[in-house]
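Subject: Structure handover

Hello,

Here is the structure I said I would pass on. Please look through it first; my notes on what was found follow below.

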Amino acid sequence: MTDFRGLYQEVILDHNKKPHNFRAMPEASCHADGFNRLCGDKVTIFVRMDGDRISDVSFQGSGCAISTASASILTDAVKGKTRAEALNLFQTFHDLVTGHQGHIGQDSQAVPLGKLAVFSGVSEFPARVKCASLAWHTLYNALQGSEEVVSTEAEEAVPGEIR
């Protein structure tokens, strides 16, 4: 398990140092802002839709390594997915970081996590759950067309929760 933790930590640090798709997108179809008061993380997620498919996604902001890495990996994970696939991935990721992995795989719509699995240990650190999930909640709002700023203060009520 220690080898995996080291590998996971390396992936997070790499995405923090060189985040993928870190740029503004003036031609975005939708965007949303998020703020984590506890850690000071700020993120804006930009999404360009081609019909119901995400043709491009990017982010800007500042934050801790977990928050930045999560946003970076999010952009890789949802690019090319439909809105429904991205929202389903949001739920699967949320289950992972909150320790509800028992639900993953039991739902016929569960999505493989790929690199997002590096966040599996986050559930052991409740304050870090908010860091890892900020970009995801912000993506959710962008895809729903909500202009409300995402705040981690009200994370207990998860938008779009399947349960």
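**Aromatic pairs and the helices they join**

F90 and Y140 are both buried. This is a predicted model, and everything below should be read with that in mind.

A search of the whole structure turns up four aromatic pairs. One of them joins F22 and F59, edge-to-face, with 5.1 Å from centre to centre and 80° between the planes. F22 is in the loop between α1 and β1 while F59 is in strand β3, so this pair ties together parts 37 residues apart in sequence. The two rings are covered to unlike degrees: F22 has 40% relative accessibility and counts as partly exposed, whereas F59, at 3%, counts as buried. F90 and Y140 form another pair, this one tilted, at 5.4 Å centre to centre and 40° between the planes. That pair links distant parts of the chain, with F90 in helix α3 and Y140 in helix α4, 50 residues apart. In addition, F93, F119 and W136 are linked into a cluster by ring pairs.

**The nonpolar core**

The largest nonpolar core has 41 residues, of which I45, V47, V78, L116, F119 and W136 touch the most other members. Two or more residues come from each of α1, β1 (30–36), β2 (41–50), β3 (53–62), α2 (65–78), α3 (83–97) and α4 (126–144). The element that gives the most to this core is α4, with ten residues. As general background, nonpolar side chains in soluble globular proteins tend to be buried together.

F119 appears both in the ring cluster and among the core residues that touch the most other members. Leaving aside neighbours within four places in sequence, F119 is in contact with I12, I66, A69, S70, I73, F93, L96, V97 and A132.

**Helices α1, α2 and α3**

In helix α1, which covers residues 2–17, the residue to look at is H15. Is H15 buried or exposed? Its relative accessible area is 3%, so H15 is buried. Beyond residues up to four places away in sequence, H15 touches H20, T68, A69, S72, I73, D76 and K115.

Helix α2 has 14 residues and reaches 20 Å from its first C-alpha to its last, close to the 20 Å expected at 1.5 Å a residue. Twelve of those 14 residues are buried, so α2 is largely enclosed by the rest of the structure. The buried residues include I66, T68, A69, S70, I73 and V78. After α2 comes G80, with a positive phi near 90°.

Helix α3 has 15 residues, which should span 21 Å at 1.5 Å a residue; the C-alpha atoms at its ends are 21 Å apart, which agrees. α3 is mostly covered, with eleven of its 15 residues buried. Among them are N88, F90, Q91, F93, H94 and D95. The buried residues of α3 pack against β3, α2 and α4.

Just after α3, G99 takes a positive phi of about 80°. G99 is in the loop between α3 and α4. With a relative accessible area of 39%, G99 is partly exposed. G99 and E124 are 25 residues apart in sequence, and their C-alpha atoms are 7.9 Å apart in space.

**The strands**

How do β1 and β2 pair, and over how many bridges? They pair in the antiparallel sense, over seven bridges. One of the bridge partners is D41 in β2, which pairs with N36. β1 and β2 form a hairpin with four residues between them, and G40 in the turn has a positive phi of about 90°.

β2 also pairs with β3, again in the antiparallel sense, over nine bridges. Here V43 stands opposite G61 in β3. The hairpin of β2 and β3 has two residues between the strands, and G51 there takes a positive phi near 70°.

Seven of the ten residues of β2 are buried, so β2 is largely enclosed by the rest of the structure.

Regards

How values were computed:
Residues numbered from 1 in each chain as written. Heavy atoms only, no water. Buried < 20%, exposed > 50% of the residue type's maximum accessible area, 1.4 Å probe, protein only. Contact = heavy atoms within 4.5 Å. Core = buried A, V, L, I, M, F, W, Y, C linked by side-chain atoms within 4.5 Å. Expected span 1.5 Å × (residues − 1). Phe/Tyr/Trp six-rings, centres within 6.5 Å; stacked < 30°, edge-to-face > 60°. Pairing = 2+ DSSP bridges.
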